[in-house]
Structure formats: structure tokens, C-alpha cells
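Subject: Handing over the model

Hi,

Here is the structure I promised to pass on. Have a look at it first, and then read my notes below.

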Amino acid sequence: MKVKHLLYCLLAIAYISPQLLSAQGIAIAPAHAVCDYQLGDKADRLLGQKMKQALTANGVSSESEFARFALVPNITIADERTSSGVPPRTTMDLSFTFAVTDAQTGNVFDSFVINTNSKGTNKANTLHKAIASLQLENAEFRGFVSRSRGRIVDYYERQVDNLINLARSSAKQGEYGFALYTLSEIPSAIPSYSKVVKALEECYQNYANAESKRLLQQAEAVWAANPTASGAQEAMEIVREIPMGTKQDKAVKAFMAKVSKKMTADNQREWALLEKEAARRHAENQAVVKAARDVAVAYAKNQPKRVYNNIILW
């Protein structure tokens with residue numbers, strides 16, 4: 001099966017598969033809170049969970065691997081009063097500002113403000129209660145997320161040519177992970193997404209060609225060093241990882257025929273080689289559907305923790 005056909009399968013499945021949502025939809029990741037007061041880990045985590053649930057409820061992926069955009073909560077203490085009774089009680093007037101922000105540039109696409117009053121036994125307890133009482137799944141917050149999503153789509157439509165050029169340039173330098181990561185940030189909702197389809201296909205094809213060449217050379221080296229049954233088994237384990245539909249297809253088949261011929265001449269386990277080839281083809285057909293995303297995710301996960309403009313994603 002050709003890589004071109006499989007890449008179109010990838011793009012089609014992306015619309016219905018939750019596993020591929022972040023690659024094709026809009027990813028906005030919750031960020032740690034910015035607060036006048038040192039917010040406790042428990043309260044910060046609770047707020048992060050509430051934001052993630054609200055984003056997911058609005059059809060927005062919150063996976064940080066692909067999120068260039070962040071939902072940043074800023075907590076401002078407008079007023080604070082402590083009673084003189086026993087035990088003392090703390091009362092706070094608080095302002096929660098949620099901003100959908102480009103984590104790389106700091107540009108804010110939209111913001112939403114919730115003003116609230118909270119009471120507790122102390123400052124930390126009062127803040128925690130205020131966060132626990134926040135309602136982020138109402139119509140107003142949904143409207144805010146929807147507006148933000150629309151503005152992000154507009155942004156990508158304006159930037160699509162620049163991003164594609166960056167991905168192609170990176171792929172030419174062998175930086176396939178970054179290239180596919182860059183393209184995976186672009187949501188399918190933009191009007192010019194057909195350009196991204198073509199670039200994704202091109203970059204993954206280049207990656208597959210380079211990877212198949214590297215793996216074939218590795219398998220050939222293993223076989224040359226040990227042309228025995230054990231060497232054949234080790235070489236075939238490498239061959240199973242070679243992508244299909246690349247410039248190396250003929251060379252891979254020739255190498256397998258050479259190994260098979262030698263093992264036949266030695267009356268050694270030819271059936272095992274053929275069985276492994278069949279298993280490889282089956283596994284490849286299953287895995288290639290998510291191959292482009294896997295390359296991009298692997299790249300993202302191997303990067304340092306993302307901190308842009310003092311924005312720390314969950």
C-alpha cells in the first residue's frame with residue numbers, strides 16, 4: 001500500500017478518532033495559575049482539572065504535546081478581610097481572568113473574567129473554596145471558548161504558508177520530527193487545509209524514505225556480520241520496522257530474497273522468515289495510520305518542559 005494512500009487515510013480517520021484529535025483539531029492546554037498569592041499545589045491542580053474538563057466539553061483538545069495555545073488563569077485578590085472572631089474568618093473578593101494565549105508569542109486571542117466572593121478559615125482555604133465553586137461549563141464560558149477557537153483558526157489561515165515553508169525546510173535538513181510537529185499544530189478547520197495535507201504527505205514520505213534506508217543498512221550489516229539462522233532472525237526483526245511504500249522497497253525485497261535463499265540452501269527455517277514478513281506487513285498496515293502523529297508526538301515529548309512567556313502548561 002502506498003504511503004500517499006495511507007496518509008490520506010490518516011487525515012480521514014483524524015476526524016473520527018479521539019486518539020488523533022490533537023493532530024487535526026485545535027489544542028488548547030490548561031496552564032498553571034498566575035496568582036497574587038502563592039497558590040497551593042492542590043488548588044492549582046483543581047483549577048487545571050476544571051479547565052481541562054471545560055475545554056474537552058467544548059470539543060477542544062487539551063493535550064499539551066500539541067498545544068501551542070494555552071488557557072491561562074490569572075487570579076487577582078481585589079479585597080481581603082479577616083474577622084477578629086474566634087476562630088477568625090477570611091473573606092476575599094477575587095477576580096479570575098481566563099486568557100487564551102499563544103504560548104510562543106504571548107498574543108492573547110480572547111479573555112473571560114469571573115468575579116466572585118469567597119469565605120474560609122484562612123487565605124489558602126478561601127482561595128481553594130473559590131476555585132471549587134467556579135462554573136466553567138456554562139453558556140458564557142462556552143461562548144468564550146468558541147470565540148477563541150474561531151480566532152485561532154483565523155490565525156492559522158493567515159500563517160499556513162509560513163508554517164508549511166518552515167516544515168519543508170526542516171524536513172530537508174533531516175528534522176522530520178519538528179517538521180511533522182509543526183504541521184500537526186495546524187487544525188483541519190482552516191479553509192486552506194488542503195495545502196497542509198500535501199505538505200504532511202510530502203514530509204512523511206521523506207521521513208519514511210530516510211528511515212527505511214537507515215534500517216535496511218542496519219539489517220544488511222547485521223546479516224553480513226552473522227549470516228546464520230540467528231543472524232537472519234536479528235536482521236528480520238529490523239526489517240519488520242522498515243516503512244512500506246518507499247524508495248527502498250525493491251532493495252528490501254532483494255535483501256529478504258538473499259537471506260531466504262541462503263537459509264533455504266542451509267535448510268534452515270525459511271518458513272519462519274516468510275511468516276515474519278507477513279507479520280511485518282500486517283503490523284505496518286496497522287501502524288502507519290498513526291505513524292505521522294507518532295513521530296510528531298515523540299518529538300514533542302522529548303523536548304524540555306515548555307515554558308514560554310512565563311506560561312507553564314500542565
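A quick word on terms before the tour: helices (H or I, at least four residues) and strands (E, at least two) are DSSP runs, numbered from the N terminus. This is a predicted model, in which local features need pLDDT of at least 70 and side-chain atom pairs count only at pLDDT 80 or more, while totals for chains, interfaces and linings use all residues. Residues are numbered from 1 along each chain as its sequence is written, and side-chain values use heavy atoms, with hydrogens and water left out.

**The overall picture**

The protein has eleven helices and seven strands. Of its 314 residues, 46% count as buried (buried is under 20% relative accessible area, exposed over 50%, partly exposed in between, with a 1.4 Å probe and protein chains only). Its accessible surface is about 15,800 Å², and carbon and sulfur atoms hold 51% of that; the areas come from the Shrake-Rupley method with a 1.4 Å probe, and for residues only the protein chains shown count as cover. Contacts here mean heavy atoms within 4.5 Å. Among the contacts with a separation of 6 or more, 72% are between residues 24 or more positions apart.

**Helix H5**

Start with H5, which covers residues 139-172. Its 34 residues reach 46 Å from the first C-alpha to the last, close to the expected 50 Å (the expected span is 1.5 Å times one less than the number of residues). Where does H5 bend? At Gln159, by about 60°, where the bend is the angle between axes fitted to the seven residues ending there and the seven starting there. Just after the helix, Gly174 has a positive phi of about 85°.

Lys172 also belongs to H5. Is Lys172 buried or exposed? Its relative accessible area is 75%, so it counts as exposed. Asn206 is 34 residues away from Lys172 along the chain, yet their C-alpha atoms are 8.3 Å apart.

**The strands**

Strand S3 (69-82) is a good one to follow, as several partners meet it. S3 and S4 run antiparallel and are joined by 13 bridges; for pairing, DSSP has to find at least two bridges between two strands. Along that pair, Pro73 has Phe98 as its bridge partner, and Thr82 stands opposite Thr90. S1 (residues 28-30) pairs with S3 in the parallel sense over three bridges, with Ala29 matched to Ala70. S2 (residues 34-35) is also parallel to S3, over two bridges, and there Val34 is matched to Asn74.

On to S4, which pairs with S5 in the antiparallel sense over twelve bridges. Val100 faces Asp110 in S5, and Ala99 faces Ser111. Five residues lie between the strands of this hairpin, and Gly106 takes a positive phi near 85°. S4 is mostly covered, with eleven of its 13 residues buried.

**The cores**

Which residues touch the most other members of the largest nonpolar core? They are Ile28, Leu71, Phe96, Phe98, Phe141, Leu183 and Ile186, out of 53 residues in that core. A nonpolar core is a set of buried Ala, Val, Leu, Ile, Met, Phe, Trp, Tyr and Cys residues joined through side-chain atoms within 4.5 Å. H3, S3, S4, S5, H4, H5, H6 and H7 each supply at least two residues to this core, and H5 gives the largest share, twelve residues.

Ile28 is worth a click: leaving aside residues up to four places away in sequence, its contacts include Leu55, Val60, Phe69, Leu71, Val100 and Ile152.

There is a second, separate core of 16 residues, and Leu216, Trp223, Ile238 and Ile242 are among them.

**One loop residue**

Last stop: Gln248, in the loop between H8 (229-239) and H9 (249-265). Why does Gln248 count as buried? Because its relative accessibility is 18%. Not counting residues up to four places away in sequence, Gln248 touches Asn209, Ser212, Lys213 and Leu216. Leu216 is also one of the residues in the second core.

Cheers
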